[in-house]
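Got the viewer open? Here's a quick walk through the model, one selection at a time.

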Amino acid sequence: MVYPGPDGPYDSIRWEVFAESLQDYAILQSAGISPDDALLAELKGYDDFPKSEEWIQTTLKNILTHADAAR
């Protein structure tokens, strides 16, 4: 999962994406968001996943706000 680089090894893109997916899953679990929650309604599948940075940041903010409200 790492490749040689001029200043030492570096992670593969696949590994970086996998690590980010685990972080996203942990955030959803910590916030108590179920897979069928309305906050995730736009997610139909990988092909339809919104990829804009704005959508990602807005959704993360909404999830964290939801988690704070649930406390």
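Start by selecting Pro-50, which sits in the loop between H1 and H2. Keep in mind as you click around that this is a predicted model. Is Pro-50 buried or exposed? Its relative accessibility is 17%, so Pro-50 counts as buried, because the cut-off for buried is under 20% relative accessible area.

Now show what surrounds Pro-50. Leaving aside residues up to four places away in sequence, Pro-50 touches Glu-42, Leu-43, Trp-55 and Ile-56. For a sense of scale, draw a distance from the C-alpha of Pro-50 to the C-alpha of Pro-4: you should get 32 Å, for two residues 46 apart along the chain.

Hang on to Ile-56, since that residue turns up again at the next stop, the largest pocket. Ile-56 is among the residues nearest the pocket's centre, together with Glu-20, Ser-21, Asp-24 and Phe-49. Select those five and you're looking at the middle of a lining made of 23 residues. The elements that put two or more residues into that lining are H1 and helix H2 (53–70). Which element supplies the largest share of the lining? That's H1, with nine residues. As for volume, the largest pocket comes to about 880 Å³.

Next, go along helix H2 to Thr-59. With a relative accessible area of 11%, Thr-59 is buried. Try another C-alpha distance here, this time from Thr-59 to Leu-39: the pair is 20 residues apart along the chain, and the separation is 7.4 Å.

Now over to helix H1, which covers residues 13–31. Pick Trp-15, a residue in this helix. Trp-15 has a relative accessible area of 35%, so it's partly exposed. Switch on a surface and add Met-1, Val-2, Phe-18 and Leu-22 to the selection: with Trp-15, they make a nonpolar surface patch of about 510 Å². Which element gives the most to this patch? Helix H1 does, contributing three residues.

One last click: Ser-12, found in the loop between strand E2 (10–11) and H1. Ser-12 counts as buried, with a relative accessibility of 7%. What does Ser-12 touch, once you skip residues up to four places away in sequence? Show Met-1 and Tyr-3, and you have its contacts. You've already selected Met-1, as one of the residues making the nonpolar patch.

Notes: Residues are numbered from 1 along each chain as its sequence is written. This is a predicted model: local features need pLDDT of at least 70, side-chain atom pairs count only at pLDDT 80 or more; totals for chains, interfaces and linings use all residues. Side-chain values use heavy atoms; hydrogens and water are left out. Patches are made of residues with over 30% relative accessible area and no salt bridge: like charges are joined within 9 Å, nonpolar side chains (Val, Leu, Ile, Met, Phe, Trp, Tyr) within 5 Å. Accessible areas come from the Shrake-Rupley method with a 1.4 Å probe; for residues, only the protein chains shown count as cover. A salt bridge is a side-chain nitrogen of Lys or Arg within 4 Å of a carboxyl oxygen of Asp or Glu. Helices (H or I, at least four residues) and strands (E, at least two) are DSSP runs, numbered from the N terminus. Buried means under 20% relative accessible area, exposed over 50%, partly exposed in between (1.4 Å probe, protein chains only). Contact means heavy atoms within 4.5 Å. On a 1 Å grid over the protein atoms alone, a cavity is a set of points where a 1.4 Å probe fits but cannot get out, and a pocket is an open set with protein on both sides within 12 Å along at least five of seven lines; lining residues have an atom within 4 Å of a point. Grid points are joined across faces, edges and corners, and a volume is the space filled by probe spheres set on the points.
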